[in-house]
Amino acid sequence: MVGIDLDAARERRLAAAAEKARAAKAEYTVGEEPLIFGGAAVAMLPAELPLAVWEPLVGIPYLPLLLRSLVEAAQAQGDQQTEAASLIVDVLGSEPSLPSDLLAAAAEMGRRLLGEDGFARLMEQRPSHPDIFELVRAVWAKYFPGGAGLGELMGPSESLSSAGTTSKPTSSGTTGSTPAVSGDGPVTLDSSALDAS
C-alpha cells in the first residue's frame with residue numbers, strides 16, 4: 001500500500017541519530033536508555049520523546065509569561081536580572097494556583113515519560129532538587145541534542161562535566177517492560193548491541 005510510512009521514517013531517524021552519536025562519541029544516544037538511580041534501573045527512557053508528555057502543560061494560565069521571565073532572568077545581568085526576577089514573583093503572585101499547577105503538571109509529565117511504575121520507583125528514591133535538575137538536563141540532551149539553551153539556562157552540571165567519563169550507548173531495540181535491576185554495585189551497560197546494528 002502506498003502512503004506515508006511513519007514507521008520507516010522513525011527507523012531512518014533513529015538509525016541516523018545513533019550513527020551521528022557514535023561518530024561524535026556523544027554522551028547521550030538516541031535509543032531506549034535506562035534511568036539509573038539508587039544503584040538500579042528505575043525506568044526506561046523511550047527512544048523518542050512521546051508527544052503526550054507535553055499535554056499536562058496545556059491550559060496552565062500564565063505559563064508562557066513565566067517561561068519567558070525565567071529565560072530572561074537566566075540571561076540577564078545586574079538590574080535586568082532583578083527586574084526579571086520581580087516579574088516572576090508578580091506572575092506567581094497573580095495566579096495563586098500556578099505553583100501547584102506546575103508541580104502537578106511536572107509530576108504527570110514524569111509519569112508519561114517514565115511510566116507509572118518507573119515514576120513511582122524514582123520517587124521512592126526521594127530525589128533531591130539537584131537530582132531532578134540532572135534528570136531534566138539529561139532528558140533535554142537526549143531528546144533535543146542541538147538544544148544547548150537549557151543547559152545554559154540551568155547552569156553547569158558538576159556531575160556531567162567533572163566526571164570525565166561518558167555513558168556507553170544502549171541498544172535501540174524495544175522492550176516490553178522496564179527492567180527490574182537491583183544490586184549493590186553500579187550498573188554497567190553493554191554497547192555491543194548498538195554497535196552490531
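Author: Let's start with a term we will need: a residue is buried under 20% relative accessible area, exposed over 50%, and partly exposed in between (1.4 Å probe, protein chains only). This is a predicted model, where local features need pLDDT of at least 70 and side-chain atom pairs count only at pLDDT 80 or more, while totals for chains, interfaces and linings use all residues. Residues are numbered from 1 along each chain as its sequence is written, and side-chain values use heavy atoms, leaving out hydrogens and water.

Reader: Thanks! How much of the chain counts as buried?

Author: Of its 197 residues, 27% are buried.

Reader: And how many helices and strands does the chain have?

Author: We take helices (H or I, at least four residues) and strands (E, at least two) as DSSP runs, numbered from the N terminus. Here there are eight helices and two strands. If you walk along the sequence, you meet them in the order α-β-β-α-α-α-α-α-α-α.

Reader: In which sense do β1 and β2 pair?

Author: Strands pair if DSSP finds at least two bridges between them. Strand β1, residues 33-37, runs antiparallel to β2, with five bridges joining them. In that pairing, L35 faces A43 of β2. The hairpin has two residues between its strands, and in it G38 adopts a positive phi near 65°.

Reader: Now the charged side chains. How many salt bridges does the structure hold?

Author: A salt bridge is a side-chain nitrogen of Lys or Arg within 4 Å of a carboxyl oxygen of Asp or Glu. This structure has eight salt bridges. One of them joins E48 to R13, at 2.6 Å from N to O. It ties together distant parts of the chain, 35 residues apart: E48 belongs to the loop between β2 and α2, and R13 to helix α1 (residues 6-24). E48 is partly exposed at 22% relative accessibility, and R13 is partly exposed at 43%.

Reader: Where do E134 and R137 lie?

Author: Both sit in helix α5, three residues apart, about one turn of the helix. Their side chains form a salt bridge with an N to O distance of 3.7 Å. E134 counts as partly exposed because its relative accessibility is 23%, whereas R137, at 11%, is buried. Elsewhere, salt bridges with shared partners connect E55, E108, R111, R112 and E116 into one network. Within that network, R111 and E108 have their closest N and O atoms 3.7 Å apart. They are three residues apart in helix α4 (residues 98-124), so about one helical turn separates them.

Reader: My last topic is aromatic rings. How should I describe a pair of them?

Author: Give the distance of the centres and the angle of the planes. Rings of Phe, Tyr and Trp (its six-membered ring) pair if their centres lie within 6.5 Å; planes under 30 degrees apart are stacked, over 60 edge-to-face, and the rest tilted.

Reader: By this rule, what does the count of aromatic pairs come to?

Author: It comes to two. W54 and F144 have ring centres 6.3 Å apart and planes at 55°, so this pair is tilted. The two are 90 residues apart: W54 lies in the loop between β2 (40-45) and α2 (63-75), and F144 in the loop between α5 (129-143) and α6 (149-154). W140 and F144 also make a tilted pair, because their planes meet at 40°, with centres 4.6 Å apart.

Reader: What do the ring pairs link into a cluster?

Author: The cluster consists of W54, W140 and F144. Each is partly exposed, with a relative accessible area of 35% for W54, 29% for W140 and 31% for F144.
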